[in-house]
Amino acid sequence: MNVTTSTLSLTVADVDASREFFCTHLGYQVAMAADGFASLTRGDAAADIVLLRSGSEVLPPEQRDQQATGLIFALTVTGIEAEERRLREAGAPITMPLREEPWGERLFQLTDPNGIIVQFVEWAAPDEPAQTEEPEESAMLVISPTAENVTESPNARMTGLAAPSRGSTELSTWTVAMEAGQTGPEHVISREQVWMVTAGVLDVTCDGRTEKISAGQTFVLPPDVLRQVHAPRAAEAHVAMRADGVASVPGTEGTRILPWAQ
C-alpha cells in the first residue's frame, strides 16, 4: 500500500461555519467549494478535510443524517504553548485548556460550530537518563620509586619508574646504576631504547661499534641489534623504551621480559 494523501470527510449541518473555522484558526485553504460542500487543504502533513452538508445525496442513505460529533481531529504540533496562546488571543473556542498527561502527552482542544473537536498534541521530551559523573582523570601522574621496583643483577641495578604496572600505557622508563668494572651481557632488545647518561661514563658497543658516552650525553640503541654496556667507572643512566620490549640473548632460546619495564 502506498498512501499519497489523507483526507478526513466530515458530515456537518453548516458547511460554511466549519469552513470558516478551519480557514480562520487552523490555516486551511479552500481547494474546492460548492453548495453543501467544501474541500480544504493546508499543504503540509495535516490531513485534507472534506465538509459535506448532512442529508447530501452524494452520501449513502444510511450516512446522510450522521453528524461528526464524537470525532476528535488530532494535530501533532511543535510549540504547543505558542499555538494555544495564538488561538486564545484570536478568540478561538478553546474547550479544553492545555494540560499534560502522566504518559507525556501535552494537549488542548477547541470545538468548531458543528461540534467537531480539534485536538492539538505535542509529546513531552522523555527525561534524559541521569548521567553518571565519571571521576576526572588527573592531567598528571606522579610516580615515586620504591624498593619493590628495584632489580639487582650481577651487572647492574635497575630501578623501575613509569611502566604499565605503575600508571604508564605506552612507555617504560627506569634508571640503571653500574659500579666501576661492571659489564652487562651481550643481548638484543626488540624495541628502540634511549639512554641518557646522568653520571660517570659508559662504554657502549652496538652492532660491533663502541662509543664512550659521558654524563650529559644521550645515545639511541636501535631494535634487534646486538649490544653490550660496560662501565669503566661508576655510572648511572636513565632509559626509556616502548613498554612491550623484550630481550633475547645469543645462544639461548626464547625471549625474556624486563621486570623493571613491566
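Two strands count as paired if DSSP finds at least two bridges between them, the strands themselves being DSSP runs (E, at least two residues; helices are H or I, at least four) numbered from the N terminus. This is a predicted model, in which local features need pLDDT of at least 70 and side-chain atom pairs count only at pLDDT 80 or more, while totals for chains, interfaces and linings use all residues. Residues are numbered from 1 along each chain as its sequence is written, and side-chain values use heavy atoms, with hydrogens and water left out.

Q: In what order do the strands of the open four-stranded sheet stand?
A: The sheet is open and its pairing is mixed. Strands β5 (72-76) and β6 (94-100) stand at the edges, and because each has a single partner strand, one side of each is left without a neighbour in the sheet. The twist from one strand to the next averages 15 degrees (axes are lines fitted to C-alpha atoms, for helices over the stretch in contact, and angles run from 0 to 180 degrees between N-to-C directions). The order is β5-β8-β7-β6.

Q: How many bridges join β5 to β8, and do these strands run parallel or antiparallel?
A: Strands of a sheet pair through backbone hydrogen bonds, either parallel or antiparallel. Leucine 75 stands opposite phenylalanine 120 in β8. The bridges between β5 and β8 number five, and the direction is parallel.

Q: Which residue of β17 is the bridge partner of threonine 205?
A: Strand β14 (residues 201-206) is mostly covered, five of its six residues being buried (under 20% relative accessible area, with exposed over 50% and partly exposed in between, for a 1.4 Å probe and protein chains only). It is joined antiparallel to strand β15 (residues 209-214) by six bridges, and there threonine 205 stands opposite threonine 210. Four bridges join β14 to strand β17 (residues 227-230), again in antiparallel direction. In β17, the partner of threonine 205 is glutamine 228.

Q: Which residue takes a positive phi in the hairpin of β14 and β15?
A: The hairpin has two residues between its strands. Near 55 degrees is the phi taken by aspartate 207.

Q: How far apart along the chain are arginine 106 and glutamate 122?
A: Their side chains meet in a salt bridge at 3.6 Å, N to O (the term asks for a side-chain nitrogen of Lys or Arg within 4 Å of a carboxyl oxygen of Asp or Glu). The pair links distant parts of the chain, with arginine 106 in strand β7 (residues 105-111) and glutamate 122 in strand β8 (residues 117-123). Glutamate 122 counts as buried, at 16% relative accessibility. The separation is 16 residues.

Q: Which residues do salt bridges that share partners join into one network?
A: The structure holds 13 salt bridges, among them the one between arginine 242 and aspartate 244, whose closest N and O atoms are 2.8 Å apart. Arginine 242 counts as partly exposed at 43% relative accessibility, and aspartate 244 likewise at 41%. The network joined through shared partners consists of Glu81, Glu100, Arg106 and Glu122.

Q: With which side chain does the side chain of threonine 111 make a polar contact?
A: Threonine 111 lies in strand β7 and, leaving aside neighbours within four places in sequence, is in contact (heavy atoms within 4.5 Å) with Phe21, Pro93, Thr95, Ile116 and Ile117. A polar contact is a pair of N or O atoms within 3.5 Å; within protein, one must be able to donate a hydrogen and the other to accept it, and residues adjacent in sequence count only if both atoms are side-chain atoms. At 2.9 Å, the partner is threonine 95.
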